[in-house]
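Here is a walk through one protein chain, going from a single helix end out to the packing around it. Keep the structure open and follow along.

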Amino acid sequence: MDPTLLVLAATALGILIGVGTTLAIVGARAAGVRRAKEMRPELPEVATAILDEVDTFAVVLDSALAPVYVNPVARQERHLSDDELMDTEFLARVRRVMSSGIPDTHDPDPSDPSDTVRIHIVRLQQRFVVILAEDMGEEQRVNAMRRDFIANVSHELKTPIAAIGLLSEAVQEAADEPVLVRDFAKSLVKESRRLGELSRDIIQLSEAQSTLRPEDRESVSLIDLVRAEVETHRAFAEQHRVDLVITADNSKDRDAVILGRPASLSSAVANLLSNAIRHSPEGGRVGVGMAREKNRFVVTVTDQGEGIPSEHLPRIFERFYRVDGARTRVDGGTGLGLSIARHTMRAHGGDVDVWSQQGVGSSFTLTFPLQLENDPTKSAKRVKKAKRAFKTAVRANEAARTIPPVPTEPDHEKGPQ
């Protein structure tokens with residue numbers, strides 16, 4: 001046989017063997033990939049993309065109940081620990097969802113303070129389970145506060161309403177006795193006024209707790225606002241035989257301006273003034289001080305009353321909290337004034353603090369934040385500085401136009417520009 005033909009035949013046979021081997025290897029790899037996908041399929045990209053963006057704890061388990069995906073929220077906030085994920089009872093719930101496809105949801109128990117996480121287990125395709133967890137602790141706290149507030153409001157409203165009803169019946173029965181009718185009428189006026197004040201304070205508290213929107217903000221002169229409230233309360237102070245004294249450095253404080261809701265800020269100051277007057281002894285004095293401290297304006301209302309026991313100080317800003325409930329109700333307080341003041345101040349970026357000593361008196365301090373742009377002195381300085389910079393730039397520009405440009409040699413080291 002011709003040697004050339006032998007060489008060609010051997011070459012062709014080698015090529016065929018190589019192609020066959022290559023095809024066998026590629027086929028084996030493809031079959032392996034198919035078997036791997038059947039045994040452990042890949043997570044859909046759309047599912048992981050969605051879970052990456054949601055603001056909820058999310059973990060994906062495969063058919064072997066091994067975690068194969070954890071979203072960013074789950075990495076930062078461990079609403080479920082590793083021990084909880086591997087708990088026997090929890091894994092049994094996951095298996096039921098995996099086999100049945102029926103979602104499983106656990107809602108927190110309101111009576112158990114430690115149970116605050118809502119867990120939702122959902123099957124994803126046939127071989128994956130998604131575990132979603134959300135901490136409901138803050139929502140439970142808000143709901144509890146709402147329930148307490150509704151219960152307190154109902155209790156506070158029930159007393160004057162019941163009193164008005166009884167007094168009305170008494171007036172009707174004593175129609176032939178003018179003296180009794182006058183006495184009952186006075187009580188009716190008192191209870192109706194109390195009901196009106198309670199309704200007003202509830203509305204003010206709701207407004208103070210609402211978000212302060214930009215369209216609600218107005219430019220408010222704090223010193224004018226405080227002086228106006230002091231003048232409004234002078235008649236009330238005279239009724240209680242209390243002297244109202246105001247101190248302020250007008251030269252420093254006249255430019256104290258804040259952007260806010262004027263009616264709410266007035267209510268905060270008014271509540272402190274009325275409380276101070278109401279709790280001051282006859283012949284006592286209530287001092288109102290105003291001062292500017294850097295970028296804040298401070299208003300201090302000080303009385304010479306009996307003071308507040310130290311054990312009550314942490315709670316006096318709570319709604320409907322009274323140090324002496326019986327005496328406060330007689331004096332006409334609703335128990336909402338300090339809560340309104342605190343919510344109002346915090347909504348405006350400030351706060352209210354208290355100092356008190358029994359037998360000495362109490363001092364409440366309102367702190368208002370001031371914005372730099374509201375300071376005309378600093379604004380004038382910035383304007384002058386800008387004018388000087390502008391004039392300097394103009395002079396430099398004119399000088400540059402009169403000086404001919406100096407030719408420079410190209411820098412060969414930097415190469416072509």
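Which residue takes a positive phi just after α13? That is G349, at about 85°. Before going on, some ground rules: this is a predicted model, so local features need pLDDT of at least 70 and side-chain atom pairs count only at pLDDT 80 or more, while totals for chains, interfaces and linings use all residues. Residues are numbered from 1 along each chain as its sequence is written, and side-chain values use heavy atoms, with hydrogens and water left out.

Now the overall picture. The protein chain has 14 helices and twelve strands; these are DSSP runs numbered from the N terminus, with helices being H or I of at least four residues and strands E of at least two. Of its 417 residues, 33% count as buried, where buried means under 20% relative accessible area, exposed over 50% and partly exposed in between (1.4 Å probe, protein chains only). The chain exposes about 26,300 Å², and carbon and sulfur atoms supply 56% of that; accessible areas come from the Shrake-Rupley method with a 1.4 Å probe, and for residues only the protein chains shown count as cover. Among contacts with a separation of 6 or more, 62% are between residues 24 or more positions apart, a contact being heavy atoms within 4.5 Å.

Back to α13, which covers residues 337–347. Its buried residues are G337, L338, S339, I340, A341, T344 and M345. What do they pack against? Two helices, α7 (178–209) and α11, and two strands, β11 (351–357) and β12 (361–369).

Let's take the helix partners in turn. Two packed helices are described by the angle between their axes and the distance between the axes. Here axes are lines fitted to C-alpha atoms, for helices over the stretch in contact, and angles run from 0 to 180 degrees between N-to-C directions. The axes of α7 and α13 come within 8 Å and cross at roughly 25°. That makes α7 roughly parallel to α13, because angles under 35 degrees count as roughly parallel, over 145 as roughly antiparallel, 65 to 115 as roughly perpendicular and the rest as oblique. The α7–α13 crossing is left-handed, which is the term used if the near helix is turned anticlockwise from the far one by less than a right angle, with right-handed for clockwise. On the α7 side, D201, Q204, L205, A208 and Q209 make the contact, and they meet S339, I340, H343, T344 and A347 of α13. By class, this contact has four nonpolar, five polar and one charged residues. For the classes, Ala, Val, Leu, Ile, Met, Phe, Trp, Tyr, Cys and Pro count as nonpolar, Asp, Glu, Lys and Arg as charged, and the others, Gly among them, as polar.

Next comes α11. It packs with α13 at an angle of about 145°, with the axes 9 Å apart, and this crossing is left-handed too. From α11, S264, L265, A268, N271, L272 and N275 meet G337, L338, I340, A341 and T344 of α13. Those residues divide into six nonpolar, five polar and no charged.

Helix α11 (residues 262–278) also has α8 (residues 222–232) as a partner, their axes coming within 10 Å and crossing at roughly 50°. The two are therefore oblique to each other, and the crossing is right-handed. The contact brings L225, V226, E229 and V230 of α8 up against P262, L265, S266, V269, A270 and L273 of α11. The class split is eight nonpolar, one polar and one charged.

How about the strands? Q357 sits in β11 and is partly exposed, with a relative accessible area of 42%. Setting aside neighbours within four places in sequence, Q357 is in contact with E306 and G307. Its C-alpha atom is 8.0 Å from that of E306, 51 residues away along the chain. T300 belongs to strand β10 (residues 296–302), and, with the same neighbours set aside, is in contact with G287, V288, G289, S363, F364 and T365.

Finally, phi again. Most residues other than glycine have a negative phi. L65 has a positive one of about 60° although it is not a glycine; L65 lies in the loop between β1 (57–62) and β2 (67–70) and is buried at 10% relative accessibility. R241, also not a glycine, has a positive phi of about 55°. R241 is in the loop between α9 (234–239) and β7 (243–248), and counts as exposed at 57% relative accessibility.
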